[in-house]
Amino acid sequence: MFKLAVLASGRGSNFQSIVEKIEAGQVPAAVEILVSDQPGARALDLANAHGIDTAVVKREDFPTNKAHNEAIVEILKPRNIDLVILAGYMRIVKAPLLEAYPHRIVNIHPALLPAFPGLDAQKQALDYGVRVSGCTVHFVDAGVDTGPIILQAVVPVEQDDSVETLSARILKEEHKLLPRAITLIAQGKVAVQGRKVWIQS
Ligand code: GRF
């Protein structure tokens, strides 16, 4: 079975969509562990409700970001994880984790990258006045939301949108896009060459 580790800091709705699609037989993978840096994350409750192992790795328990990343690697290593999913993980992944999982960490971002990377992507899109936005699943590299793009989905931006209404429209697509990307990777259909990601049809 293709083994996933999910890292999440908060609400966990993307994590939930992955778990539900796995349980429905729509994603050929298993979530081995949910790791959170936030002890109060709703994602942890969801994991418990689905009988999924959890670990809390708080940043403040470690002297450096590197040590924090190393601690996560130590938790993942014995589980032979095939793919690490950042699902609302609000930290920048650094060397020890990146090096342990080259091209095997994916992130979901609520904008059409390379537009609007970083925090508050939906607000950035609204403030800029774009007519469409969406979400991006990409491999994680050393930059912020800069890695090779796997899949994107587009949604319209309406004139009367608020951050909340646009975020909700994008989130609906996120919940489909991330499981789809995981499925393609689990099926061995995804290859990376430089910035380009090739998907076998
Ligand atoms: C999503 O919008 C995701 O794109 C971003 O953080 C949010 C996480 O939401 N990276 P959730 O915790 O999955 O509900």
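**Exercise 1. Find the domains and say how they meet.**

Step 1. The domain assignment splits the protein into domain 1 (1-101) and domain 2 (108-201); such bounds come from an automatic or database domain assignment. Residues are numbered from 1 along each chain as its sequence is written, and side-chain values use heavy atoms, without hydrogens and water. Please keep in mind that this is a predicted model, where local features need pLDDT of at least 70 and side-chain atom pairs count only at pLDDT 80 or more, while totals for chains, interfaces and linings use all residues.

Step 2. Take the C-alpha centres of the two domains: domain 1 and domain 2 are 19 Å apart by that reckoning.

Step 3. Now look for contacts, meaning heavy atoms within 4.5 Å. On the domain 1 side 20 residues take part, and they touch 16 residues of domain 2.

**Exercise 2. List the residues around the ligand and pick out its polar partners.**

Step 1. Use a cut-off in which a residue is near a molecule or strand if one of its heavy atoms lies within 4 Å of it. The residues around the ligand are then R11, G12, S13, N14, G88, I108, H109, P110 and E174.

Step 2. Search for polar contacts, which are pairs of N or O atoms within 3.5 Å; within protein, one atom must be able to donate a hydrogen and the other to accept it, and residues adjacent in sequence count only if both atoms are side-chain atoms. R11 brings a polar side-chain atom to 2.5 Å from a ligand oxygen. N14 uses a polar backbone atom, 2.8 Å from an oxygen atom of the ligand. At I108, a backbone N or O atom is 3.0 Å from a ligand nitrogen.

Step 3. Ask how much of the ligand is covered. On its own the ligand has 370 Å² of accessible area, and the protein covers 86% of that. The areas come from the Shrake-Rupley method with a 1.4 Å probe; for residues, only the protein chains shown count as cover.

**Exercise 3. Work out the surroundings of S17.**

Step 1. Place the residue: S17 belongs to helix α1 (residues 13-23). Helices (H or I, at least four residues) and strands (E, at least two) are DSSP runs, numbered from the N terminus.

Step 2. Classify S17. Buried means under 20% relative accessible area, exposed over 50%, and partly exposed in between (1.4 Å probe, protein chains only). S17 has 6% relative accessibility, so it counts as buried.

Step 3. Follow the side chain of S17. It reaches the backbone oxygen of N14 at 3.0 Å and the backbone oxygen of H175 at 3.4 Å. Setting aside neighbours within four places in sequence, S17 touches H175 and P179.

**Exercise 4. Decide how helix α5 is packed.**

Step 1. In α5 (residues 121-128), the buried residues are A121, Q122 and A125.

Step 2. Look down the helix axis: the buried residues of α5 fall within an arc of 100°, so they line one face of the helix. The arc is that of the directions from the helix axis to the C-beta atoms. As a general reminder, an α-helix has 3.6 residues a turn, so residues three or four places apart point the same way.

Step 3. Identify the cover: β5 (105-109), β6 (132-139) and α6 (163-186) are among the elements over the buried residues of α5.

Step 4. Compare with D127, also found in α5. D127 counts as exposed because its relative accessibility is 55%. Its side chain makes a polar contact of 2.7 Å with the side chain of K123.

Step 5. Check the end of the helix: just after α5, G129 has a positive phi of about 90°.

**Exercise 5. Track down the unusual backbone angles and the contacts of H138.**

Step 1. Start in the loop between β5 and α5, where P114 sits. L113 and P114 are joined by a cis peptide bond, with omega about 10°.

Step 2. F116 lies in the loop between β5 and α5. Its phi is positive, about 55°, although F116 is not a glycine. At 12% relative accessibility, F116 is counted as buried.

Step 3. Move to the loop between β6 and β7 (149-156), which holds D145. D145, not a glycine, has a positive phi of about 60°, and with 15% relative accessibility D145 counts as buried.

Step 4. Finish with H138 in strand β6, which counts as buried at 2% relative accessibility. Beyond its neighbours within four places in sequence, the contacts of H138 include L113 and D145.
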